[in-house]
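Let's take a friendly walk through a molecular structure. Have a look at the picture first, and then we can go through it piece by piece.

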Amino acid sequence: MRLPKPRGGLSEWLVARLAEPGLSGAAPDADSWDDESISLWTLHELSFRGFEDADDRAEWDPELLGVRRDLETALEDRLRARWAALTPPPAPAAVDVPAALEDLVAADDGPSLADFVRRRADRDHVLELLRQRSVYHLKESDPSAFVVPRLPVRAKAALMALQFDEYGDGDPNRLHSHLFARGLEAVGLRAEYGAYVDDAVAENLEMNNAGSLFGLHRRLRGAAVGHLAAFEMTSSLPSRKMVQGLDRLGLDGPMAAYYDEHVEADAIHEHLAARDICGTLADDEPDQAAEILFGAFTCLDAEARFATAMLGAWEDQR
Amino acid sequence: MTDRDFDHPDFDHPDVVLVPYGPMLLRGAESVQDLEGTVHAVDRPVVALCRCEKSSRLPWCDGTHKVIPR
């Protein structure tokens, strides 16, 4: 993947700095949410697959880490403020975490992109949604992989069971991100890693940045597994709707097969995530209970904001 | 270092788990026979078997139980 297109002063500085490590001059402030989001996305990506036109040593460049920390602090503050606005945090010791996760998911009333795809979306809507989704699905499960060494015994074993399935149970053909890449090709879209980052709306970048933030910080391990649980718990039924919508539009084939795989897989994963990962982590580290719920809320809230943005833009085009 | 006592493991790790109002999780199976007698190969370490009988892809759970009133 090549460096993304800048979206403002900060990302312009960052892209120049990554392409030419010796460049001097302090980072300017971000001049928009878009600029801030693509900058943090780019800095996080240095810890995933990186960029062919960036210096690999930039991942641990102290100055860039300082910029990343400031952007992460602003993002985390924003996410925690949204969580705090919804509800007073529950008393951690009293929380039955799997049940509380179920309640959070049941109370989620965000708009459903899968519903729209199943019933009303046209081909262009679906292709645009797939381009947006590709930002995550081409690195599916990678943020959660960073969490493995940070967990106690039971949660670690359960997360590995889930990740093993995400990564194809040892068969590269069944790796979920690979299935999505095959699906993109089949519907005539580009399948290479990071192909559509330049098209990603800020809500989508923020959703991805939140997942990476949680995955990359040991301190946020509870939020990371809570985020994972909410993701898995809201995947099975929507994936089935995606299959129905893709079939309706004649986009059956590998992309429908990708979503079809998630109907079954995530019906299993949601229980592994809620009970065996989050439940046991909260047992072993009770101070993580509230963090798990914060992470789960953030997953649902970010998806709702993304869905609202996409549906609103499509409504405006009508 | 003492020998590990595999008859008395430190953690519960059952092969079958019944999820309240949800599926039956089955670990380590190689095949599953459905109600019609068809045998399905299992290619995952854990599978979720439908218990509400409303799944669109029996014998596997597809999450439909969540939209059934309890």
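The sections below move from the overall build of chain A to its domains, one of its helices and its contact with chain B.

## The overall build of chain A

Before we start, keep in mind that this is a predicted model. Which kinds of element does chain A contain? The count is 14 helices and zero strands. If you follow the chain from the N terminus, you therefore read α-α-α-α-α-α-α-α-α-α-α-α-α-α.

Chain A has a radius of gyration of 19 Å, and the globule rule gives 20 Å for 318 residues, so chain A is as compact as a globular protein of that length. Along its principal axes, the C-alpha trace spans about 50 × 50 × 40 Å. Of the 318 residues in chain A, 48% are buried. Now look at contacts in chain A between residues with a separation of 6 or more: 80% of these join residues 24 or more positions apart.

## Two domains and where they touch

The domain assignment splits chain A into domain 1, residues 9-79, and domain 2, residues 93-317. Taken over C-alpha atoms, the centres of these two domains are 25 Å apart. Their contact involves 14 residues of domain 1 and 13 residues of domain 2.

Which elements give two or more residues to the domain 1 side of this contact? They are α2 (33-45) and α3 (62-86) of chain A. Helix α2(A) gives the most, with seven residues. Sorted by class, the domain 1 side has seven nonpolar, three polar and four charged residues.

## A closer look at helix α6

Helix α6 of chain A covers residues 123-137, which makes 15 residues. From its first C-alpha to its last it reaches 19 Å, close to the 21 Å expected at 1.5 Å a residue.

Several residues of α6(A) are buried, including A:His125, A:Val126, A:Leu129, A:Leu130 and A:Tyr136. What covers the buried residues of this helix? The cover includes α5 (113-119), α9 (176-186), α10 (202-216), α12 (236-248) and α14 (289-317) of chain A.

## Where chain B meets chain A

How many residues of each chain take part in the contact between chains A and B? Chain B brings 18 residues, and chain A brings 14. On the chain B side, strand β5 (residues 46-49) supplies the largest share, three residues.

The chain B side can also be sorted by class: ten of its residues are nonpolar, three are polar and five are charged.

Definitions and conventions
Residues are numbered from 1 along each chain as its sequence is written. Chains are lettered from A and ligands numbered from 1 in the order in which they are written. This is a predicted model: local features need pLDDT of at least 70, side-chain atom pairs count only at pLDDT 80 or more; totals for chains, interfaces and linings use all residues. Domain bounds come from an automatic or database domain assignment. Two residues are in contact if their C-beta atoms, placed from the backbone, lie within 7 Å. Helices (H or I, at least four residues) and strands (E, at least two) are DSSP runs, numbered from the N terminus. Ala, Val, Leu, Ile, Met, Phe, Trp, Tyr, Cys and Pro count as nonpolar, Asp, Glu, Lys and Arg as charged, and the others, Gly among them, as polar. The radius of gyration is taken over C-alpha atoms; the globule rule is 2.2 Å times the number of residues to the power 0.38. A residue is buried if 20 or more other C-beta atoms lie within 10 Å of its own, exposed if 12 or fewer, and partly exposed in between; C-beta atoms are placed from the backbone. The expected span of a helix is 1.5 Å times one less than its number of residues.
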